[in-house]
Each structure stands twice: as structure tokens, then as C-alpha cells.
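User: Please take a close look at one part of this model: the surroundings of the second ligand. Then set that site in its wider context.

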Amino acid sequence: MKRALITGITGQDGRYLAEFLSGQDYQVFGVVRGQNNPKAQMIQEENPALELVEGDLTDLSSLIAVIEQVQPDEVYNLGAISFVQLSFRQPELTADITGLGVLRMLEAVRIVGGSENNPMRFYQASSSEMFGKVRETPQNERTAFHPRSPYGVAKVFGHNVTVNYREAYGLHASSGILFNHESPRRGLEFVTRKITNSLARIKLGLQDSISLGNLESARDWGFAGDYVEAMWKMLQQDTPDDYVVATGETHTIRDFLDVAFRIAGYDDWEPFVSHDTRFERPTEVDLLMGDASKASKELGWTPKVGFEELVERMYEHDLAWERTKAGNSSA
Ligand code: NDP
Ligand code: GDR
């Protein structure tokens, strides 16, 4: 039985990846931080086969101890401060966790290593935010980086240090440059889930409106469940490499609102949406659209869930969830 270690196990991608790998007959270990992480119980109930181990991306000795204990075949580094807006308010923490955290994981893997015949394989969760003020459209593995936030800058560091460890120490270290991917498990702070959740609450009469920032930015949105399969496929290759993972389609926040409100049975979203500058960023990423042809050709990966289906799944999930919560509180 292969052994996989995942940082960021309590996050959206960690939860889908753990399920996927358990289905592939892996023994899955998830790194949980904090002395009493409130999400630990939830993910343990969701995936009883999952084994939780303690560690923190800011603490190298804890990461070495975890890797020594677990002796994984594959390490997936998904842990990060992942909210771009927070990275402007807490840039140093973001650099430490999202940037230096990658270096610490690579050091732990390099030091502990695995057997000569079966060295540990490493996946780094790189991001389309590295392209930032894009130099070309669509963006591919050769497109130059121009990050627009402390988060994007930290991800460029993590990406480059992953490439360096591959070249300097021969680590089987791959980097997935993933474009935005969403799901009913997306955090409520991200714009897609904020919209579907608020819309469900509007539909149920629990909320009047949604406050949003910039509606003009465009993103290449896919389904998280599809994207974790690409991560795994990268680590099954003989040679480590970098891959863009994206749908190749781009939509503005306005497009997302159009589709979501139509699905919920409204003709017009404008009466329900107000503008709030608090949700704007000092520097914005205006347009992202990925070219995943390398992943398609070399990994045999293509996305399965389209944009409208994604929005519908998220909205329907939130409608059921909010209805249950409202029912429970009135009971
Ligand atoms: P989430 O924000 O949902 O999850 C982030 C995870 O990181 C949580 O499990 C969190 O744990 C963990 N974490 C935070 N700080 C630490 C720390 N100091 N030590 C250990 N773990 C920590 O992110 P996603 O699942 O959406 O994304 C996974 C990864 O992929 C991230 O690195 C993200 O930057 C990257 N990415 C995501 C994309 C997307 O569209 N979703 C696109 C491209 C890249 P806790 O519960 O303890 O806070
Ligand atoms: P992003 O995701 O920054 O692309 O990073 P997010 O959903 O936060 O923002 C997308 C776009 O929507 C605009 N926006 C708002 N965003 C939020 N969160 N809240 C609002 O009210 C709002 N109004 C408008 C933003 O300005 C932005 O243009 C995500 C994260 O998962 C990263 O970790 C990951 O690396 C990238 O995707 C790829």
C-alpha cells in the first residue's frame, strides 16, 4: 500500500485529494496544525481511514518528525495562507507559511529522503496568481511571472525553490500551476462561494444582498475534484516537471453572477448586489486563462465539470445546507 502525506488536509483541496487517494488504495496521512484544530474532527468523520499527524509549516523540526514518522512515498504540499486579500494585510505571515513553508517541506524531504530505490516524490501547489499582470493570454508553463500580491510573490518563491531542489538535489519534485478551482467545499471568503452561499440565503429570505468588490476581473474556474487528479498524475510520471492545470475558459465575476442568479430563478442580480471598496485589492489580477495542453498531452488530464455545472452544484449545495441550518435553528 502506498503512503501519501498531505499538508493543507483541512482545506478544500486536501479533502478532495485525501478522498481520491483513499479510493486509489493509498494510506493517507494529513498534517494538522494547532493544539485543538476545530476542523480535525470534521475531516476525520468525513474520511475515517485518514490518519492525522501534527505539524506546522512554520516549524521545520515538526515537519522532519512527521516525515520520519510517516515515511511517505508521496508528499503533497497544499498548506498555505491561500486568501489573496489576507496576504495584503498579513504579508509577513504569508511569506512565512506560503513561501518559506515550501522550503521547509523540501528540506524535510531532502533530509529524510526515502530509500535510494524509492525516493519520496513531492508535489507543490503553485498558482496562476504567479502570472499576475499577465504577459500573454492564455498563460502556459513558459509564461513569465509578474505577481500582484504578497501571496503571488510567496508562491513564486515556492515554485522557484521547488525547481531548484529538483535541479540541485535530483528530488522528484513537481509543481502544478493550478488556476482557480472551486466546489461546495470552497471557503466562504472566496468570491464564488460567497456568491452561491449569499444567494442561497437570499432565496430563503435569510439575507437581503451581497457586498462585493471588483466585478470586472476574469478567472479560469474549474472544479476542485477534477484538479486533485492532475496533482496525483504528476507524481506518477517518471520525470518530475511543471504543469498548468486549467479549463481554458475565462469568465468575469459578472458572468458568475449572471449564471448563479439565473439558476436560482432571478432575471436580474443588480438589485441584490452592492459595491464595497473593502473587498477591493491594492493591486488586482485582471485576467487569467490557462493553456493546459501540456497536462492534457503528457498526463492525459482534462477537466470534466464545466462552468455552469460548477455554479449549479455550489448553489444547490448551499441551498440545501442553509435550509438545514435554518430548520435546525427554528426546531
Ligand atoms: P484552503 O485555504 O482551503 O486550505 C489551506 C490549508 O492550509 C488549510 O488546511 C490550512 O489549515 C493549511 N495551513 C494554513 N497555515 C498552515 C500552517 N502554518 N501549517 C500547516 N498548514 C497550514 O486552500 P485550497 O485547498 O483552496 O488550496 C490548496 C493549495 O493550493 C494552497 O496552497 C493554495 O494556495 C493552492 N492553490 C489553490 C487554488 C484554488 O483555486 N483553490 C489555485 C492554485 C493554488 P488550517 O485548517 O489549520 O487553517
Ligand atoms: P483569487 O480568488 O484571488 O483569484 O485566488 P478570490 O475568489 O478571492 O477572488 C477572485 C476575484 O474576485 C474578486 N472579488 C472578490 N473576491 C473576494 N474574495 N470577495 C469579494 O467580495 C470580491 N469581490 C470581487 C477579487 O478581487 C478577484 O479578482 C484564488 C485562491 O484560491 C488562491 O489561493 C489561488 O492561488 C488562486 O485562486 C488561483
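Analyst: A polar backbone atom of Gly 213 sits 2.9 Å from a nitrogen atom of ligand 2. That is a polar contact, meaning a pair of N or O atoms within 3.5 Å; within protein, one atom must be able to donate a hydrogen and the other to accept it, and residues adjacent in sequence count only if both atoms are side-chain atoms. Side chains also reach ligand 2. Ser 127 places a side-chain N or O atom 2.6 Å from an oxygen atom of ligand 2. Arg 186 has a polar side-chain atom 2.9 Å from an oxygen atom of ligand 2. Ligand 2 has 700 Å² of accessible area on its own, and the protein covers 96% of it. Accessible areas here follow the Shrake-Rupley method with a 1.4 Å probe; for residues, only the protein chains shown count as cover.

The model is predicted: local features need pLDDT of at least 70, side-chain atom pairs need pLDDT 80 or more, and totals for chains, interfaces and linings use all residues. Residues are numbered from 1 along each chain as its sequence is written, chains are lettered from A and ligands numbered from 1 in the order written, and side-chain values use heavy atoms, without hydrogens and water.

Now the shell. There are 23 residues around ligand 2, each with a heavy atom within 4 Å of it. Ser 82, Ser 127, Tyr 151, Arg 281 and Glu 284 come nearest. By class, the shell around ligand 2 holds 8 nonpolar, 8 polar and 7 charged residues. Ala, Val, Leu, Ile, Met, Phe, Trp, Tyr, Cys and Pro count as nonpolar; Asp, Glu, Lys and Arg count as charged; the others, Gly among them, count as polar. Helix H7 (191-203) and strand E8 (210-212) each give at least two residues to this shell. Helices (H or I, at least four residues) and strands (E, at least two) are DSSP runs, numbered from the N terminus.

Where does ligand 2 lie relative to the domains? It lies between domain 1 (3-182 + 221-245) and domain 2 (191-219 + 250-287 + 305-330), because both give residues to its shell. The bounds come from an automatic or database domain assignment. The domain centres, taken over C-alpha atoms, are 28 Å apart. Domain 1 puts 16 residues into the contact and domain 2 puts in 21, with contact meaning heavy atoms within 4.5 Å. About 1,600 Å² is buried between the two domains, 59% of it from carbon and sulfur atoms. Buried area is the accessible area (1.4 Å probe) that two parts lose on being put together, summed over both. Gln 85, Arg 148 and Trp 221 supply 46% of what domain 1 buries against domain 2, more than any other three residues.

Ligand 1 has a shell of 26 residues, with Thr 10, Asp 13, Arg 33, Ser 82 and Tyr 151 nearest. Ser 82 and Tyr 151 are also among the nearest residues to ligand 2. A polar side-chain atom of Ser 82 lies 2.6 Å from an oxygen atom of ligand 1. Asp 13 offers a polar backbone atom at 2.8 Å from an oxygen atom of ligand 1. The protein covers 91% of the 900 Å² that ligand 1 has accessible on its own. Strand E5 (121-127) is among the elements that supply at least two residues of this shell. E5 gives the largest share, 3 residues.
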